[in-house]
Amino acid sequence: MEKKLKTVITYGTFDMFHIGHLRMLQRLAEMGNKLIVAVSSDEFNALKGKKCLISYEQRAEIIGNLKMVDLVIPETHWEQKVEDVQKYDVDIFAIGDDWEGKFDFLKEFCEVKYMERTKDISTTQLKKSLSKFLTIPKEDIIRALEVLEILKKDLE
Ligand code: C2G
């Protein structure tokens, strides 16, 4: 699809950057010739009830170094979207459909698109599988203690 001279903006936390985030940004980059990503600050994440593993600085640096991203700005409050859309002369606001309908007020200023999310991947899921991966199964601990007991007896 030929890229019209369009500026696209999106917002997100992008914690523990994963393929779902990448696929979203790739699709957004295809919709125009300039992609702006507003990365949620740590303080704003607290407002969203999200605890980030990775700091704003590192999340912003990762996003800023993606070839399809032209500009990274901080997202510090809910109300900044109208201001951003006007300031950067945005043509399209796009975000995952988990936000369906939440930003329709922007239709007065630009196109609003809710995009299908990538299935079976999320930061929450990654955190859960990571903690499962790092926990030692109980039976392994019991077995290790039994071996320890045997070794202790041998040494007596
Ligand atoms: N995403 C996706 N597929 C996934 C996970 C995330 O397409 N499996 C998309 C989300 O829909 C969103 C972007 O990746 O468009 C960033 O996701 P989050 O970091 O979870 O963003 P969120 O916390 O929803 O922040 O003001 C808007 C908020 O800041 C959005």
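Biologist: What joins the side chains of Ser40 and Glu75?

Modeller: In this predicted model, a polar contact of 2.8 Å joins them. The limit for such a contact between N or O atoms is 3.5 Å, so a distance of 2.8 Å qualifies.

Biologist: Which other side chain is joined to Ser40 by a polar contact of 2.8 Å?

Modeller: That of Lys48. Both partners also appear among the residues in contact with Ser40 beyond four places in sequence: Gly12, Thr13, Asn45, Lys48, Tyr56, Arg59 and Glu75.

Biologist: Where does Ser40 lie, and why is Ser40 called buried?

Modeller: Ser40 is in strand S2, which covers residues 34–40. The relative accessible area of Ser40 is 0%. Buried means under 20%, so Ser40 is buried.

Biologist: Which residues are closest to the ligand?

Modeller: Phe14, Lys48, Lys50, Glu75 and Ile121 are the closest of the 22 residues that surround the ligand. Lys48 and Glu75 are thus named here, and each is also joined to Ser40 by a polar contact.

Biologist: How do you know that Asp98 makes a polar contact with the ligand?

Modeller: A polar side-chain atom of Asp98 lies 3.2 Å from an oxygen atom of the ligand. The cut-off is 3.5 Å, so the pair counts. Backbone N or O atoms also come within that limit: one of Thr13 at 3.0 Å from a ligand oxygen, and one of Phe14 at 2.7 Å.

Biologist: How much of the ligand does the protein cover?

Modeller: On its own the ligand has 640 Å² of accessible area, and the protein covers 96% of that.

Biologist: Turning to the rings, how many aromatic pairs are there?

Modeller: The count is 6, where ring centres must lie within 6.5 Å of each other.

Biologist: What makes Tyr11 and Phe93 a pair, and why is the pair called tilted?

Modeller: A pair of aromatic rings is described by two values, the distance of the centres and the angle of the planes. For Tyr11 and Phe93 the centres are 5.9 Å apart, which is within 6.5 Å, so the rings pair. The planes are at 40 degrees, which is neither under 30 nor over 60, so the pair is tilted.

Biologist: Which parts of the chain does this pair tie together?

Modeller: Tyr11 belongs to strand S1 (residues 7–12) and Phe93 to strand S4 (residues 92–96), so the parts tied together are 82 residues apart in sequence. Tyr11 and Phe93 are both buried.

Biologist: How are the rings of Trp78 and Trp99 placed?

Modeller: Their centres are 5.8 Å apart, and 55 degrees separate the planes. The angle falls between 30 and 60 degrees, so this pair is tilted as well. Trp78 is in the loop between strand S3 and helix H4, and Trp99 in the loop between S4 and strand S5, so the linked parts are 21 residues apart in sequence.

Biologist: Why are Trp78 and Trp99 called partly exposed?

Modeller: That class runs between 20% and 50% relative accessible area. Trp78 has 34% and Trp99 has 26%, so both fall in that class.

Biologist: Which residues form the aromatic cluster?

Modeller: Tyr11, Phe44, Trp78, Phe93, Trp99, Phe103 and Phe105 form one cluster.

Biologist: What makes you say that a charge sits over the ring of Tyr11?

Modeller: The charged end of Lys81 is 4.7 Å from the ring centre. The distance limit is 6 Å, so that part of the test is met. The test also asks for a position within 35 degrees of the ring normal, and Lys81 is listed as sitting over the ring.

Biologist: What is unusual about the phi of Met16 and of Asp120?

Modeller: Most residues other than glycine have a negative phi. Met16 has a positive phi of about 50 degrees, and Asp120 one of about 55 degrees. Met16 lies in the loop between S1 and helix H1, and Asp120 in the loop between S5 and helix H5.

Biologist: Are these two residues buried or exposed?

Modeller: Met16 has a relative accessible area of 15%, under the 20% limit, so Met16 is buried. Asp120 has 71%, over the 50% limit, so Asp120 is exposed.

Definitions and conventions:
Residues numbered from 1 in each chain as written. Predicted model: local features only at pLDDT ≥ 70, side-chain atom pairs only at ≥ 80, totals over all residues. Heavy atoms only, no water. Helix = DSSP H or I, 4+ residues; strand = E, 2+ residues; numbered from the N terminus. Buried < 20%, exposed > 50% of the residue type's maximum accessible area, 1.4 Å probe, protein only. Near = heavy atom within 4 Å. Polar contact = N/O pair within 3.5 Å; in protein donor to acceptor, adjacent residues only side chain to side chain. Areas by Shrake-Rupley, 256 points an atom, 1.4 Å probe, with all protein chains shown as cover. Contact = heavy atoms within 4.5 Å.
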